[in-house]
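The following exchange concerns a predicted model. Each question asks for the grounds of a description, and each reply sets a computed value against its criterion.

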Amino acid sequence: MSSDTISSCVRGTRAFLLPEWVTLYFKRINLDVPTDLSARALGDIHSAHANTIAYDMLDVFLGITPSFDMEVISDKLLSGRRGGGCTQMNGLLAIVLETLGFSVRRSLSAVSREDGAMNLSTHMVLLVWADNEEWICDVGFGYRGFLYPLRLLHNAQAVQGVHEYRVQRIGTSAWNIQYRRGMQWINMYLLRDANYEAHEFVVGQFFNSYSPLSPFKNNLVCARPSLLGGCYLINNVVVSIQQGTRDRRRVSSRFELVEVLDEYFDIKLGVNDFVSLPVDVFNDFR
């Protein structure tokens, strides 16, 4: 029996033993079920997820209470052709990785706000063990989110397409994750070197959706990173950046909003799915 045949048999056996929703997950991200628990397999999963399922903070405008039930989340992200925020995206990824056999820590981070807003610890990040190293996984950050895992190692740097990231140790219990903009390193978030239970992120998820201090309470936000740049939507403006070329498009109606969500983010919604929108969103020329 050839090595290719053996590999195919192993892959088929593993796929057969997996829960149906996990098989659907790999179909959704257009990736074969991995045959090992290597760092390369982890990177393939992370990249396929980040490329396929968009960062999506639309629930509050659709009259949907953001769920923390993993069955509801998997239905939404997989068969529902939607995306999610950090707790849903990374929460789903964590369950997938654990089901495959990876060792996963769920950690908490405080996102750095460039507008000077208070940095609150509401962001879920995953720390995953593979090939005798721990890796930072985060498919729920948005436009500047990394496509592949980052080594949890002081001063580790990674170039991913047009993006560059750096990891720095802070004291004995935290890590600073940075993004390179021109000649400067910009702080993305401060990551706690700790392990949290899944239910400990529920409060942060509701804060992100409903608190007046949250940037998502009154703003339509979607994003999809890519190695060539990526795209993001903020209210009535969608920006697509590909290898330094920046395209900006203004959204002028609900009909156009639905088209943009489909075209740029592969999010399937109807005009009547929105029960509310930010005030004067289509009259605002931000």
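Q: What is the volume of the second largest cavity, and which residues are closest to its centre?
A: The second largest cavity has a volume of about 60 Å³. Its lining comprises 14 residues, of which Ala50, Val139, Gly140, Gly142 and Pro225 are the closest to the centre.

Q: How is the lining of the second largest cavity divided by class?
A: The lining holds 10 nonpolar residues, three polar and one charged. Glycine counts as polar in this scheme, whereas Ala, Val and Pro count as nonpolar. Among the residues closest to the centre, Gly140 and Gly142 are therefore polar, and Ala50, Val139 and Pro225 nonpolar.

Q: How many cavities of 30 Å³ or more does the structure hold, and how much space lies in the largest?
A: There are two cavities of 30 Å³ or more, and the largest encloses about 160 Å³. Lining residues of the largest cavity number 15, with Asp56, Met57, Pro66, Gly85 and Ser209 the closest to its centre. Helix 5 (86-100) and helix 6 (202-210) are the elements that give two or more residues to this lining. By class, the lining has six nonpolar, six polar and three charged residues.

Q: Why is asparagine 132 called exposed?
A: The relative accessibility of asparagine 132 is 68%. Exposed means over 50%, so asparagine 132 counts as exposed. The residue is found in the loop between strand 3 (121-130) and strand 4 (133-137), and its phi is near 65 degrees, a positive value in a residue other than glycine.

Q: What makes asparagine 155 partly exposed?
A: Its relative accessible area is 43%. Buried requires under 20% and exposed over 50%; asparagine 155 is therefore partly exposed. This asparagine lies in the loop between strand 5 (150-151) and strand 6 (156-160) and has a positive phi near 65 degrees.

Q: Why is a positive phi worth noting in a residue other than glycine?
A: Most residues other than glycine have a negative phi.

Q: How do you know that strand 8 and strand 9 pair?
A: Pairing requires at least two bridges. Strand 8 (residues 174-181) and strand 9 have eight, in the antiparallel sense, so they count as paired. Glutamine 178 stands opposite asparagine 187 in strand 9. The two strands form a hairpin with two residues between them, and glycine 182 in the turn has a positive phi of about 65 degrees.

Q: What makes strand 2 and strand 9 a pair?
A: Three bridges join strand 2 (residues 103-111) to strand 9 (residues 184-192), which satisfies the requirement of at least two. The strands run antiparallel, and alanine 110 stands opposite leucine 190 in strand 9.

Methods. Residues are numbered from 1 along each chain as its sequence is written. This is a predicted model: local features need pLDDT of at least 70, side-chain atom pairs count only at pLDDT 80 or more; totals for chains, interfaces and linings use all residues. Side-chain values use heavy atoms; hydrogens and water are left out. On a 1 Å grid over the protein atoms alone, a cavity is a set of points where a 1.4 Å probe fits but cannot get out, and a pocket is an open set with protein on both sides within 12 Å along at least five of seven lines; lining residues have an atom within 4 Å of a point. Grid points are joined across faces, edges and corners, and a volume is the space filled by probe spheres set on the points. Helices (H or I, at least four residues) and strands (E, at least two) are DSSP runs, numbered from the N terminus. Buried means under 20% relative accessible area, exposed over 50%, partly exposed in between (1.4 Å probe, protein chains only).
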